Structures are given as structure tokens and as C-alpha cells.
Amino acid sequence: MSLVVIQVVMVALLFVSNHSFANAGTDPSDASALRVMYSSLNSPAQLTKWNSSDGSDPCGESWKGITCYGNRVNEIHLSGLGLSGSMGYQLTSLTSVINFDISNNNLGNQIPYQLPPNVQKLNLAGNGFTGGLPYSISQMASLQYLNVSHNQIQGELNDMFGSLSSLNTLDISFNSMTGKLPQSFQSLTSMKKIYLQNNQYTGNIDVLANLPLDNLNLENNQFTGAIPEKLRGILQRSNSNTGSSGPAPPSPPGTSPANRSSNRSHKSGGNGSPFTGGGSSDRDEKSGISGGGVAGIVISVSVVGAVAVIFSIKKRHRKSSTDIEKLDVQPIALHPQEERERKLSQNSSTTSMKAVETPTSATLRPPPINPHKSFNGDTISAKPIVPQNETHTDQMNVLQYSFADLQMATDRFSDENLIGEGSIGSVYQAHFDNGEVLTVKKINSTELRNPEDFLNQVSDISRMHHPNVTELIGYCSEHGQYLLIYEFYRTGSLHDFLHRMDEEDGTRLTWDSRLKIALGTARALEYQHEACSPSLVHKNVKSENILLDTDLNPHLSDSGLANLIADTDQGLNTESGYGAPEAAISGKCSTKSDVYSFGVVMLELFSGRKPFDCSRPRSEQSLVRWATPQLHDIDALEKMVDPALVGLYSVKSLSRFADVIALCVQPEPEFRPPMSEVVQALVRLVQRANLSKRLHGIDQD
């Protein structure tokens, strides 16, 4: 009998165990992220069994498109369901998701910053996304397949691929990308397939030369230069394969009928990858630079023992498949931007610093302003080319100007061209003969930490590239004069908008614009603190150093300049109301003191007040001291907010913004958050505000 009892007990325990496991609820963080996603997608009926109520169980209830392993969400397949809205702000919680496919929907806007961090296959194709690729993609070390094709992504492809050594398929085709291919492409040591067709890329393709590629499609771009030896066979094989594997995928949102017919050899859903999910179709593995493409690849090869192939991939109007021109092996007429790049290449090919052609003899222009909107989207730009311990001036990707030319462009640094003065030096507007207008910062030579190290510091600054950081165009180092040349923003600085503009001018900033400026500036600091190696401490974050373009996108200036100036560890802004308490006491600046200064800028945006204003009553002169005790009082907040906003804001949005400020201006540096957390908090704030305005109107969120 005892044996029978034992067997019965064991069977009962096994039944209870299995029953409990089968009904185990979905991991709370996964469930919460999917509920938020459902609400952000406007609760679509096509997502059967989904709901946003607490206690709902995606794994146990078999939500459409959700695959689980145990109680963790493992795959999300939502391709081609006509979804709209956004993906929510909690996707980073989905740490077990390895396959995320939401292609061929109508999501539009920008690719969100929050994405599943450990994903191996990411398919965002055919959604009408604008802006750029979010910085978070650069941190997905497990990523093997990335497809963002058939969108409306604009601007340059950021240098963000250095850590993606597992990536084997990259599809950025059928967008509006410009500029040169990033140097970090060289780190894609597992890359087999790259699809870049139907963009506006320029420059050469040397960065692809040593990749283990099987398939490469570059057609309908504006590349120039010589084909690397190792790529000739790939391009020739691709050029011979003009067939299509099937019907074209649905045209992405916003695609004009004229563009849809060019999609025939492209499938946005997959590339024969084992990760291809529902609603996606495989790409013809042989698609490449086809002879029947919209743009011709022009190859001129000598019949008798050719030793070089020069090619030009030019964007053309629609032509027949046989309309391919032959290219004379002649010097190629370069676009002004390419001419500048050519000069930079010449300048970097010699180890001695020689003067390049003067600005007046070359057509110079600043890099185009990245058109992405940092307000509604969630993109953040990429890692820089990581500075090495030893800097070499021949690596500088900027132009060298002569002092005589800068004198001429600024009318001998006249007061009429003076934009502003600071502790580092004076800033002038420079007008060149070709119509170019740039900004010239004339550094006080007596303030330089080490004049002999000027060129090395300039080299480091030249390698910072982010859409929210002012771009260094060139430099001058002659006759004891040290100058830096930057992009010019006619709109002015944030300080001008907040403290100098008259209300009659109609230039007051809306609440939405202030959120946009805060988020863009936070991204710039995140880039410098967490993407640059070693971390770059700005040391002079203030509203005067936040320049605004015509779309009110912020651009942080003076980045890297603190390293040029002697005694900057005393802090460049400790007496202006921006300086962190520990910087004033110890004389040491850190990333945490930058966070504090950014919090003060947020207070400026919130209140419209200056960080220190001696014209106010003594108890209100220090903005931080006056505002901090009131940041968690909802009634006080409405009294503190800038009167220029005339009530056009959400009270909850004010409160959430104030919560971020309170974290940043903590007296103790160890309690201040890193800038990446600040960025995420601001992104969530913006997404909630946008969703609320779409669903309820401005007063509810």
C-alpha cells in the first residue's frame, strides 16, 4: 500500500507542477511593454486577443503575432497588418525578443529609440519612417539582420556600425540617404549582403573593399571613384543577374506611383534569411547592380589587359534598360561638397600640414542640416570614430584656412560681423566670395592650454559627428592665431529666443518647441558622454551654446573646446548660474556636472528666466535655488512657467518635465542620472504628449 500511495502523490505533484507551468503568466515587464504597444498602435482590431488591461497575458492568451518561450516573449511578427500610430516607449523591456518584424505597416514618423536590445533580426521596412537610424541600433551586439528599406529616411548614414560584428544582412535601399558611406562599415566582418540602391549616396565605396560580401547592390546613387579590386567580381556577378523572384511588395506609405514601379527586384520583407517572419517575402538572392536598373553603372574597361575600372553610379530619370552610357576616363566634375571632400582627402594624404586651397578658390558649404526631427521621433545619432590615445593631424577631416582669407571674409574681424564674445574668444560671421556664410571662432591665444597641441585637439573635434552638435568645417593656425570655422545658424541661440526676442516678433517658443530643444540637446550630451571614447565632458553647457536652425532643432556648440583652454577644470560657467555645486567647490568638472548644467537649461526653457538675474528680488536671483523647492508642487508649477506660453501646454507635461529637471539639478552628483536616462525620460514624455494630443487633445495626457 505504501508504494501505491507514493505513486499517487508523485502523479499529483507532477500534475500540479505541469498545470502551474502551463498557466504561468507572461513576464510582467514583457506584458506591460506589449500593453503599451497596443495602446500606442491605437488598439487595432486586427491584433486579435490583444488588450491593454492589467493582468492580460500575451503568452497564455496567444496574442496574434506573439511567440513565447516559457513566460518570456521571444518573437514579434506584425508585418503587413495596416497598423498605425507608434510602437510605444517600453520596447527596451523586451530583453528576450530575438525577432522583431513590424514591416509594411503605416507607422510613419521616426524609428523609435526604444527597441528590443537583444534582437537578432529587425525588420522595419515599408513604414514611411523619416529621420535617421536611432543610436540604440549601434548597441545591438547580437543583430544579424537589419532591414529599414522602403521608408523615407533622410540625411547621412551615421558612423554607428563599429559594434555590429554579427550583422550579415543590411538593407537601407529605397530611402533618401545622402553623404558618404560611414567608416565603421569596415567593422562589419560578418557582412554578406548589403542593399543600398535607390538613395543619394556620394563618394567612393572603399569602406566595403574588405568585407566578405556575396551580394552588393549600389544602383541609383551618386557614387564616384574606382571599384576596389575585391568588389569587381561581386559587382559583375550582380550585374549579370537581372531577374526577379516574384511580385513587388506593397508600396510603402507615401511612395509616389512613379517610384513604385522601380521596386520590382526588391522585397522589403526578407533576404532568404531564416528569420523571415509572417508577411515578409524572400528577396532574390542574386539581385545586385542590374543592367536594367533605373540608374546605370558605367564601366569602361580596356579590351586588352585593363588594370583599372572607374565607375559612376548616377541618379537618372527613368530610362530603358538598354540606355547605359559609356564613361570616358576623364576627371569627374565634382559637386561642391565632393570637391570639398576631395580637398580633404588631399590634405590628409600628407603627414606635414600644408595649406590647402583658400576658401575663396573652392566652393565650400557646411554639411546640410540633418532634416530629422528630434521632437516627435526617437532617433539619436551614432558613435563617432573613436579617438585614439595618440592623435595625428593627417586624420583631420576638415579644411585648413589661411588667416588672410578669414580676415577678408570677416572684413578684418569688424564689429559689424561680431556675433558674440565669451571666455574662450570672439565669434564672427564670415562671408565668402562664393556666397557661403560660416561662423569663425577666434580663440584668445593667451587662454590656450598648450598652443603646440592645438592641431591634435582640432583633430579630435573634427571626428565628432552628430545632428545635434555643431559641425566643425575647418581651422586656421597661422602667425600665433588660432581659429575654428563652423556651420552658421541665422536663427540664433536658445538664449536669444528666451531672453532677447520681443513678443511682438512672434518668435516666442511654444511648449512643443521647448520639448524638442531639450530632447535634442540631451541627445548631443548623451553622444559626447556615452558614445565618444573617452567620454567628452563639455564643461560649458548653457543656452548661449545651443544654436537653433530654421526648424528649431538644437545644435550644441563649443563641444571639445574646454580641452583647449587652460584651467578649465575651474569650470567655464560656475559663476553664471549653470555650474554644479561640486565644480564650484572642487574646481573639477565631470559628466555629472554637465547633467546639472543641462538641468539649468531645462529650467530656463520651463520658466523663461535667466539662471542668475540680479534684477530680481534676492530670493529669486538664483534660478535653481528659487525653483527647486517648487518642482514637485503642481500648483506652484503653473505659477513658475514662462508667461509667454500663455497657458498653451499640458499640466501633466509640465509636471513630468519638472520631474526630469529635479533629477538633473540634485546637489549630490551621484544622484543625478546619466544622460541616456534623461534622453529616455524625455522621449517618453514626448511620446505620451503626442499620443494624448491625437486621442484627447492638449489638456489630457
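User: Let's start with a term: a residue is buried when its relative accessible area is under 20%. With that cut-off in this predicted model, which residues in α2 are buried?

Analyst: Happy to begin there. Helix α2 covers residues 28-40. An α-helix has 3.6 residues a turn, so residues three or four places apart point the same way. The residues of α2 that fall under the cut-off are Asp30, Ala31, Ala33, Leu34, Arg35, Val36, Met37, Tyr38 and Ser40.

User: How far does α2 reach from its first C-alpha to its last?

Analyst: Helix α2 has 13 residues. At 1.5 Å a residue, with the count taken as one less than the number of residues, the expected span is 18 Å. The model comes close to that, with a reach of 18 Å.

User: Which residue just after α2 takes a positive phi?

Analyst: Helix α2 ends at residue 40, and the residue in question comes just after the helix. Its phi is about 70°, and it is asparagine 42.

User: Now to tryptophan 511: is it buried or exposed?

Analyst: Tryptophan 511 sits in helix α9, residues 511-531. Leaving aside residues up to four places away in sequence, its contacts are Phe606, Leu645, Leu648, Tyr649, Ser653, Leu654 and Phe657. Its relative accessibility is 4%, so tryptophan 511 counts as buried.

User: How many Å apart in space are tryptophan 511 and aspartate 642, C-alpha to C-alpha?

Analyst: In sequence, tryptophan 511 and aspartate 642 are 131 residues apart. For the protein as a whole, 60% of contacts between residues at least 6 apart in sequence join residues at least 24 apart. From C-alpha to C-alpha, this pair is separated by 9.6 Å.

User: Where does the second largest pocket lie with respect to domain 1 and domain 2?

Analyst: This pocket holds about 720 Å³ of space. Among its 28 lining residues, Ile419, Gly420, Val427, Glu544 and Leu547 are the closest to its centre. Both domain 1 (399-487) and domain 2 (496-697) give residues to the lining, so the pocket lies between them.

User: Which strand supplies the largest share of that pocket's lining?

Analyst: Strands β15 (418-421), β16 (425-431) and β17 (437-443) each give at least two residues to the lining of the second largest pocket. The largest share is 3 residues, and it comes from β15.

User: How many residues of that lining are charged?

Analyst: The lining of the second largest pocket has 28 residues. Of these, 8 are nonpolar and 11 are polar. The charged ones number 9.

Notes. Residues numbered from 1 in each chain as written. Predicted model: local features only at pLDDT ≥ 70, side-chain atom pairs only at ≥ 80, totals over all residues. Heavy atoms only, no water. 1 Å grid on protein atoms, 1.4 Å probe; cavity = no way out; pocket = protein on both sides within 12 Å on 5 of 7 lines; lining within 4 Å. Points joined across faces, edges and corners; volume = space filled by probe spheres on them. Helix = DSSP H or I, 4+ residues; strand = E, 2+ residues; numbered from the N terminus. Nonpolar A, V, L, I, M, F, W, Y, C, P; charged D, E, K, R; others polar. Domains from an automatic or database assignment. Buried < 20%, exposed > 50% of the residue type's maximum accessible area, 1.4 Å probe, protein only. Contact = heavy atoms within 4.5 Å.
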